[in-house]
Amino acid sequence: MNHTGIIRTVTITGITAALGLATVVPALAGPLSTPSPGPVTTVADLDGDGEIETVTAQLTGDNDQVISATVHGTFTSIHVGADSAFPLEAPRVTDLNGDGRAELIVAQSIGANTTFFSALHYDGRNLGQIVDDNDKPLSIAEGGGVAAHLGYQCTPLEGGGRTFETVAAEADDISAPADRITYSGSRTVYTLRDGALTTQNTLPITRRPVTDPVLGTDAATCAQTGS
């Protein structure tokens, strides 16, 4: 698939409705296991200098977590939503634009088939939320079950760097046989700079089978090299 010039803003509203969610909120029912209140950690190169920082996530209350790290002796932290009905997940370490500096994908709401994430970046002093074209914190959906197809991936650019792409599509007819279900929605390609996403173009998705490359996503393609 040729991604040149393709990009669009993701609109979750219709997808959320398809999943039966009024808003992006923590799940109402949790698993049988009791979530651990203890911190979870990962490692990332937040400032791109080749040195690895330890990133910690800690539940601090109902549906609240703090993400923290120390970079060159300076502590930084940020509170974001969490789903306290489920065990806390360590942030996913990514590099959404291929500049060598890590971005963190943080799980905020976990449903039966869909997980919603926020995204964080380090601006050289503090951790902050990545924002979209409307200056609102980015929300990324992954999963969807049979009712929807949601996810993200990164694509290398010629000459270096990456685009960040999201797919948001819902089933056209959920009652159709599984091998005949098609999906409609959009694929959005973004560029990221200084913690802000810019939509470059939009690729409409109309009645495509799940095997169509336009619906393809692979979160692993966004991983920070060496993380």
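How exposed is threonine 70: buried, partly exposed or exposed? With 40% relative accessibility, threonine 70 counts as partly exposed. That residue opens a set of close-ups of this structure, which is a predicted model.

**Close-up 1. Threonine 70 and the residues around it.**
Look for threonine 70 in strand β3. Leave out the neighbours within four places in sequence, and threonine 70 is in contact with Glu53, Thr54 and Phe75. Glutamate 53 is worth a second look: 17 residues separate it from threonine 70 in sequence, yet the two C-alpha atoms are 6.7 Å apart in space. As for how much of threonine 70 can be reached, its relative accessibility of 40% puts it in the partly exposed group.

**Close-up 2. The largest nonpolar core.**
This view goes to the largest nonpolar core, a group of 19 residues. Ala44, Leu46, Val55, Ile67, Leu104 and Leu120 are the ones with the most contacts inside it. Which elements give two or more residues to this core? They are β2 (53–61), β3 (64–71), β4 (74–81), β6 (103–110) and β7 (114–122). There is also a second, separate core, this one of 15 residues, with Leu96, Ala119, Ile140 and Phe164 among them.

**Close-up 3. Leucine 120 and its contacts.**
Here we stay with leucine 120, one of the residues with the most contacts inside the largest nonpolar core. Setting aside neighbours within four places in sequence, leucine 120 is in contact with Ile67, Ile78, Val80, Glu103, Leu104, Val106, Gly128, Gln129 and Ile130. Two names on that list, Ile67 and Leu104, also appear among the residues with the most contacts inside the core.

**Close-up 4. Arginine 162, buried without a salt bridge.**
Arginine 162 is found in strand β11, which covers residues 162–171. Which side chain of opposite charge is nearest to arginine 162? That would be aspartate 95, 5.0 Å away, and arginine 162 is buried with no salt bridge. For scale, a salt bridge needs the nitrogen and the carboxyl oxygen within 4 Å. The side chain of arginine 162 does have a polar atom 3.2 Å from the backbone oxygen of alanine 223. Beyond its neighbours within four places in sequence, arginine 162 is in contact with several residues, including Asp95, Leu96, Asn97, Gly98, Cys154, Cys222 and Ala223.

**Close-up 5. The disulfide between cysteine 154 and cysteine 222.**
A disulfide is a covalent bond between the sulfur atoms of two cysteines. How many disulfides does this model have? The count comes to one, and it is formed by cysteine 154 and cysteine 222, with their sulfur atoms 2.1 Å apart. The pair links distant parts of the chain, 68 residues apart: cysteine 154 sits in strand β10 (residues 148–156), and cysteine 222 in the segment after β13 (196–209). The torsion about the S-S bond is about 105°, so the disulfide is right-handed. Both cysteine 154 and cysteine 222 are buried. Both are also in contact with arginine 162 from the previous view.

**Close-up 6. Three of the salt bridges.**
Side chains of opposite charge can pair when their charged atoms come close. The model has five salt bridges, and this view picks out a few of them. Aspartate 99 and arginine 101 meet through their side chains at 2.9 Å, N to O. Aspartate 99 is partly exposed at 34% relative accessibility, and arginine 101 is partly exposed at 33%. Aspartate 194 pairs with arginine 193, the closest N and O atoms being 3.9 Å apart, and both of these residues are exposed. Arginine 208 and aspartate 212 form another salt bridge, with closest N and O atoms 3.2 Å apart. Arginine 208 is partly exposed at 30% relative accessibility, while aspartate 212 is buried, because its relative accessible area is 18% and buried means under 20%.

**Close-up 7. Positive phi at asparagine 63 and arginine 207.**
Most residues other than glycine have a negative phi. Asparagine 63 has a positive phi, near 60°. Where does asparagine 63 sit? Its place is in the loop between β2 and β3, and at 35% relative accessibility it counts as partly exposed. Arginine 207 also has a positive phi, near 50°. Arginine 207 belongs to strand β13, and its 55% relative accessibility makes it exposed.

Technical notes. Residues are numbered from 1 along each chain as its sequence is written. This is a predicted model: local features need pLDDT of at least 70, side-chain atom pairs count only at pLDDT 80 or more; totals for chains, interfaces and linings use all residues. Side-chain values use heavy atoms; hydrogens and water are left out. A nonpolar core is a set of buried Ala, Val, Leu, Ile, Met, Phe, Trp, Tyr and Cys residues joined through side-chain atoms within 4.5 Å. Buried means under 20% relative accessible area, exposed over 50%, partly exposed in between (1.4 Å probe, protein chains only). Helices (H or I, at least four residues) and strands (E, at least two) are DSSP runs, numbered from the N terminus. Contact means heavy atoms within 4.5 Å. Lys and Arg count as positive and Asp and Glu as negative; His and the chain ends are not counted. A polar contact is a pair of N or O atoms within 3.5 Å; within protein, one must be able to donate a hydrogen and the other to accept it, and residues adjacent in sequence count only if both atoms are side-chain atoms. A disulfide is a pair of cysteine sulfur atoms within 2.5 Å.
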